[in-house]
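User: I should like to go through the assignments made for this model one by one. Please set each value against the criterion behind it.

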Amino acid sequence: MGTLDDIRVDGDRLWQSLMEMAQIGALPGGGCCRLALTDEDKAGRDLFVRWCREAGCHITMDNMGNIFARRPGRDDGRPPVAMGSHLDTQPHGGKFDGVYGVLAGLEVVRALNDHGVSTGAPIEIVVWTNEEGARFAPAMISSGVFAGQFDLDFALSRVDETGKSLGDELSRIGYAGEEDCGAHDLAAFLEVHIEQGPILERDQLPIGIVTGGQGQRWYDVTVAGQDAHSGSTPMAGRRDALAATAALVLAVEEIALQETPHGVGTVGALTVRPNSRNTIPGGVDFTVDLRHPDDETVTRMGQALRARAAQLAADRGVDVRIDEIWMNPSVKFDARCEQALRRAARVLGYPHRDMISGAGHDACMLARKVPTAMIFVPCKGGISHNEAESAEPEDLAAGCNMLLHGVLALAAAGLP
Ligand code: HGY
Ligand code: MN
Ligand code: MN
């Protein structure tokens, strides 16, 4: 009769569930597109809920569409130890970003069932709505409502580029729950995720214990110039919104490079108006994403952006409007949860290192309310938000074993 420390997940079963989920919203290039609250997201949620019910979990949902799949504990009066992530993807997403953390949670439940393990506290697998922020900005909006960073009405009123609201789409796919988002009691939250960066692969380590997440600010920028004829308008005196934008895009890159090695800045989405080859663009809308582990540095980067914009506006006779739509401070994870993960790494014999997350995660929001920590596993070339995203089955299994033993420690398990 082994001890709890001898229990391992079934890596093949985890891989199979990832590949089956990847069929939903599958793209020709091998990735997935399940934008938040689309029919593809609904199909992924339906599959996850079916699998959880087959594993004996009880499902509840809150009014942001967050899904809680509960495996009862011996003492069901205690708040659950939770694990999870997100099922929504980027437009050219991969097979693992988010979904790995959700299906690793399911694999933990399946492994506990296989070994007849009862836990003191109940455990739950959580799916957080709209983590990516690709369809409805900002990102991590539902874990953000749960953690008190956004209010419910703000979140439900967010619209996509076609004007559909998050709230309407949530109702349309049938995932608007009754429970008030944030009312659901959680004892702790663990999230396993691919690193989405190069460090673990470079260091040839299977596991990262994540001690925090960096700060970030998101902006919507509008540059207003003047539509004019591309052939008959002299270069001098043009008010070319796209040429001004091009200078601003390079300014974002320079501002980030000035804060090297940790500062990052990205212009990810851009629309040109009227977008005609023989009309000088009179208007451009684009997004800016600035990040750094130090909050004051992110603030300084934002101020530098505004200063460069004002200078360019004066030089080029355009108007530049910069709206900050999200300020997400850096966050530190919980020492007790980290200790549970360090113990798990020792028990499992996994070499590991501490690291800060460059990407945002639901755990970065949960940590503002609930003891939280994260586990990273390497992904090939550190590539993510890309159809080529890939990870090794043995690394995914290792991260899932870390999740299993982290949850067992926090839920004070016991064999029957
Ligand atoms: O933006 C992020 O870091 C995450 O992928 N939503
Ligand atoms: Mn993610
Ligand atoms: Mn992502």
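User: What makes Asp97 a bridge, and which ions are involved?

Analyst: In this predicted model, Asp97 bridges the manganese ion (ligand 3) and the manganese ion (ligand 2). These two ions lie 3.5 Å apart. Asp97 sits in the loop between strand E3 (81–85) and helix H3 (99–114), whereas Glu132 is in the loop between strand E5 (123–127) and helix H4 (141–146), 35 residues apart.

User: Why are Asp97, Glu132 and His385 called donors of the manganese ion (ligand 3)?

Analyst: Donors are N, O and S atoms within 2.8 Å of the metal. The coordinating atoms are Asp97 (OD), Glu132 (OE), Glu132 (OE) and His385 (NE2), at 2.2 to 2.5 Å; they therefore meet the cut-off. The donor residues follow the spacing D-x34-E-x252-H.

User: Are Asp97 and Glu132 buried or exposed?

Analyst: Asp97 and Glu132 are both buried, which means under 20% relative accessible area.

User: How do you know that ligand 1 has polar contacts with Glu131, Gly360 and His385?

Analyst: The criterion is a pair of N or O atoms within 3.5 Å. A nitrogen atom of ligand 1 lies 3.1 Å from a side-chain N or O atom of Glu131. For an oxygen atom of ligand 1, the distance is 2.7 Å to a backbone N or O atom of Gly360 and 3.3 Å to a side-chain N or O atom of His385. Each pair therefore qualifies. Taken alone, ligand 1 exposes 210 Å², and the protein buries 94% of that.

User: What makes up the shell around ligand 1?

Analyst: Four of its residues are nonpolar, two polar and three charged. Among them are Trp218, Arg291 and His385.

How values were computed: Residues numbered from 1 in each chain as written. Chains lettered and ligands numbered in written order. Predicted model: local features only at pLDDT ≥ 70, side-chain atom pairs only at ≥ 80, totals over all residues. Heavy atoms only, no water. Donors = N, O, S within 2.8 Å, 3.2 Å for Na, K, Ca; no water. Helix = DSSP H or I, 4+ residues; strand = E, 2+ residues; numbered from the N terminus. Buried < 20%, exposed > 50% of the residue type's maximum accessible area, 1.4 Å probe, protein only. Near = heavy atom within 4 Å. Polar contact = N/O pair within 3.5 Å; in protein donor to acceptor, adjacent residues only side chain to side chain. Areas by Shrake-Rupley, 256 points an atom, 1.4 Å probe, with all protein chains shown as cover. Nonpolar A, V, L, I, M, F, W, Y, C, P; charged D, E, K, R; others polar.
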